[in-house]
Each structure stands twice: as structure tokens, then as C-alpha cells.
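Dear colleague,

Please find below the sequence and structure that I am handing over to you. My notes on helix packing and on the ligands follow.

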Amino acid sequence: MSDKITVPEHIGIIMDGNGRWAEERGLPRKDGHTRGMINMISLAAAAFDRGAKSVTCYSMSKENLRRSPEEVGHILSLVLEYFEPFLKVFGEKRIAAKFVGSLELLPEEIRASLKRTESILSEFEGLGRTIYVAIAYGSRAEIVRAVNEAVRRGEEVTEEGFLDLLGLPLNLDLVIRTGGESRLSNFFLYQASYAELYFSDKYFPDFGEAELDEALRWFSGRSRRYGLLKKG
Ligand code: IPE
Ligand code: IPE
Ligand code: MG
């Protein structure tokens, strides 16, 4: 096998294990989420440095909104707390940002902050690099919304046309899930149709650049056939 690294254009990260990371250290779960937020910013930045064009981070599912108000409140408060560092890191790298999910379910203050972030970084749209953050996100909800939009327009859709109706209109090449579970938990089911799936036992706060590079080496060794036959 060659040592050449093929960097996926679009990397998705299911950032799981924050709570267990904290619990194993005798810390409150919220500390795990804070560490997860810090790690999300640095890991996504590292993925762009490696050559990725799009990075999609699953920061909170629609289903996660049913956790205790205290835990949900803390996770959402991180949007406000890390507003500046997020803008600084991605602004310096000239990366645009988009937030995807049932954002109407979020408190107005949070929605306003997400909108402001998108708007400030929108000057980098068109440069080819975007961080997508999935928040209050569920793939089934995203698909149903797109179906309803197609019905409303009264037009039949193609496979590609349907992709364009989704909140994230982009196929995923590699999906990394940390935290030891081997499932997608409602993460971009349509866009991940032909993604390579990489599962790590590390809790998200412990998944750093070395672990990312290991995942990229693993990805480089995959043969993506899309239903065809292997070349050579
Ligand atoms: C992932 O960590 C982040 C969110 C789901 C918001 P968890 O909170 O699911 O952490 P574990 O799986 O309980 O360790
Ligand atoms: C998936 O993690 C959602 C995020 C990482 C944001 P969960 O912890 O919610 O998933 P399940 O419950 O283990 O499937
Ligand atoms: Mg979890």
C-alpha cells in the first residue's frame, strides 16, 4: 500500500463521548461539552490545514434537545461563549460557516448569534472552504423538510436535485465517529450514502490531530468503488 495521503474533500465528525470523558474524570458532564467545543474548533481547523474543503461537525442532535434543560442549556451557552474564538480561527483561515438543523427550535439569542457568525464569515463564501455545524439537527427531519419543499413546488426531483433541497447540499466522503459507538445517530443519511465510515473508541475531547491523521491514513487505503469493479 502506498503512503500517499488522500484527503477527503468533505469530512463529517460525529463528536460523541464528551459526557463520558468528563464522568470518568469525576467532572460534571458540562465540562466534557466545553472541552468538546474547544476540540471541535481546533480539529476542524486541522482538517482544513490538511486540505479538506468542507468539514461538518455534529454538535447537537434534534434528539439531544430532550436531555435535561441544564445539559441542553449548557451546550447551547457554548455557542455564545465560543463566538469570538470560532470567528477568530475560521476568519484567519478565510473559511465560511453555515449552521444546519432545526434552528427554529433554538432560543432567539442563540439563533441570532449563529446568524451573526454566518454573516461575518460570509465574505469567505466562494473561496471554496466552509465549516458546517449541525445543531438541533436530525437527518430525517432534514429529509422530510426537503420532501415537503419539493411537494410545495409541485415538481418531481432528481437525486442531485433532491440533494440541493437539503440543509447540507453536499455529499460526505469520510464520516468519523468518536466515542466507541458504531452508528450514525441520524447524521446526514442522504449525504453519507457513499461515505467511508471510521469509528474510534476515543472520546471526542481526546481525539486530536494525531488521531485525525490516523483516520486520514485509513481513508487513503480505502478503495471507493461506488458499486463498480475495482480498477487494475
Ligand atoms: C456528544 O457527547 C455531544 C452531544 C451529544 C451533545 P455526549 O453528550 O453524547 O457524550 P456521551 O456519549 O454521553 O459520553
Ligand atoms: C450523537 O451522539 C449526536 C452528537 C454527537 C451530537 P448521541 O450520544 O446523541 O448518540 P446516541 O444517543 O449514542 O445514538
Ligand atoms: Mg453520546
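**Packing of the helices**

In helix α2, residues R29, K30, H33, T34 and M37 meet E71, H74, I75, L78 and V79 of helix α3. By class, the residues of this contact between α2 and α3 comprise 4 nonpolar, 3 polar and 3 charged. Please bear in mind that the model is a predicted one.

Two packed helices are described by the angle between their axes and the distance between the axes. Helix α2 covers residues 29-50, and it packs against α3 at an angle of about 25°, with the two axes 10 Å apart. Because angles under 35 degrees count as roughly parallel, α2 is roughly parallel to α3. The crossing of these two helices, α2 and α3, is right-handed.

Helix α3, residues 69-81, also packs with helix α5, residues 108-121; their axes come within 9 Å and cross at roughly 40°. That angle makes α3 oblique to α5. The crossing of α3 and α5 is left-handed. On the α3 side the contact is made by L76, V79 and L80, and on the α5 side by E109, I110, S113 and L114. This contact of α3 with α5 has 5 nonpolar residues, 1 polar and 1 charged. V79 of α3 thus appears in the list for α5 and also in the list for α2.

What is the arrangement of α4 and α5 relative to each other? The axes of helix α4, residues 83-92, and α5 come within 11 Å and cross at roughly 20°. The two helices α4 and α5 are therefore roughly parallel to each other. Their crossing, that of α4 and α5, is right-handed. From α4 the contact draws on F83, F86, L87, F90 and G91, and from α5 on S113, R116, T117, I120 and L121. Divided by class, the contact of α4 with α5 has 6 nonpolar, 3 polar and 1 charged residues. S113 of α5 is named in the contact with α4 and also in the contact with α3.

**The two ligands**

Ligand 1 is surrounded by 13 residues, of which D16, G19, R20, R29 and R67 are the closest. Polar contacts to this ligand come from backbone and side-chain atoms. A polar backbone atom of R20 is 2.7 Å from an oxygen atom of ligand 1, and a polar backbone atom of G17 is 3.4 Å from an oxygen atom of ligand 1. From the side chain of R67, a polar atom lies 2.7 Å from an oxygen atom of ligand 1. R29, named here among the closest residues to ligand 1, is also one of the α2 residues that meet α3.

Which residues are around ligand 2? They are I14, M15, D16, Y58, S59, M60, S61, N64, R67, R177, R183 and S185. A polar atom in the side chain of S185 lies 2.6 Å from an oxygen atom of ligand 2. In the side chain of D16, an N or O atom is 3.2 Å from an oxygen atom of ligand 2. For R177, an N or O atom of the side chain is 3.4 Å from an oxygen atom of ligand 2. D16 and R67 are listed around ligand 2 and also among the closest residues to ligand 1.

With kind regards

Methods
Residues are numbered from 1 along each chain as its sequence is written. Chains are lettered from A and ligands numbered from 1 in the order in which they are written. This is a predicted model: local features need pLDDT of at least 70, side-chain atom pairs count only at pLDDT 80 or more; totals for chains, interfaces and linings use all residues. Side-chain values use heavy atoms; hydrogens and water are left out. Axes are lines fitted to C-alpha atoms, for helices over the stretch in contact, and angles run from 0 to 180 degrees between N-to-C directions. Helices (H or I, at least four residues) and strands (E, at least two) are DSSP runs, numbered from the N terminus. Angles under 35 degrees count as roughly parallel, over 145 as roughly antiparallel, 65 to 115 as roughly perpendicular and the rest as oblique. A crossing is left-handed if the near helix is turned anticlockwise from the far one by less than a right angle, and right-handed if clockwise. Contact means heavy atoms within 4.5 Å. Ala, Val, Leu, Ile, Met, Phe, Trp, Tyr, Cys and Pro count as nonpolar, Asp, Glu, Lys and Arg as charged, and the others, Gly among them, as polar. A residue is near a molecule or strand if one of its heavy atoms lies within 4 Å of it. A polar contact is a pair of N or O atoms within 3.5 Å; within protein, one must be able to donate a hydrogen and the other to accept it, and residues adjacent in sequence count only if both atoms are side-chain atoms.
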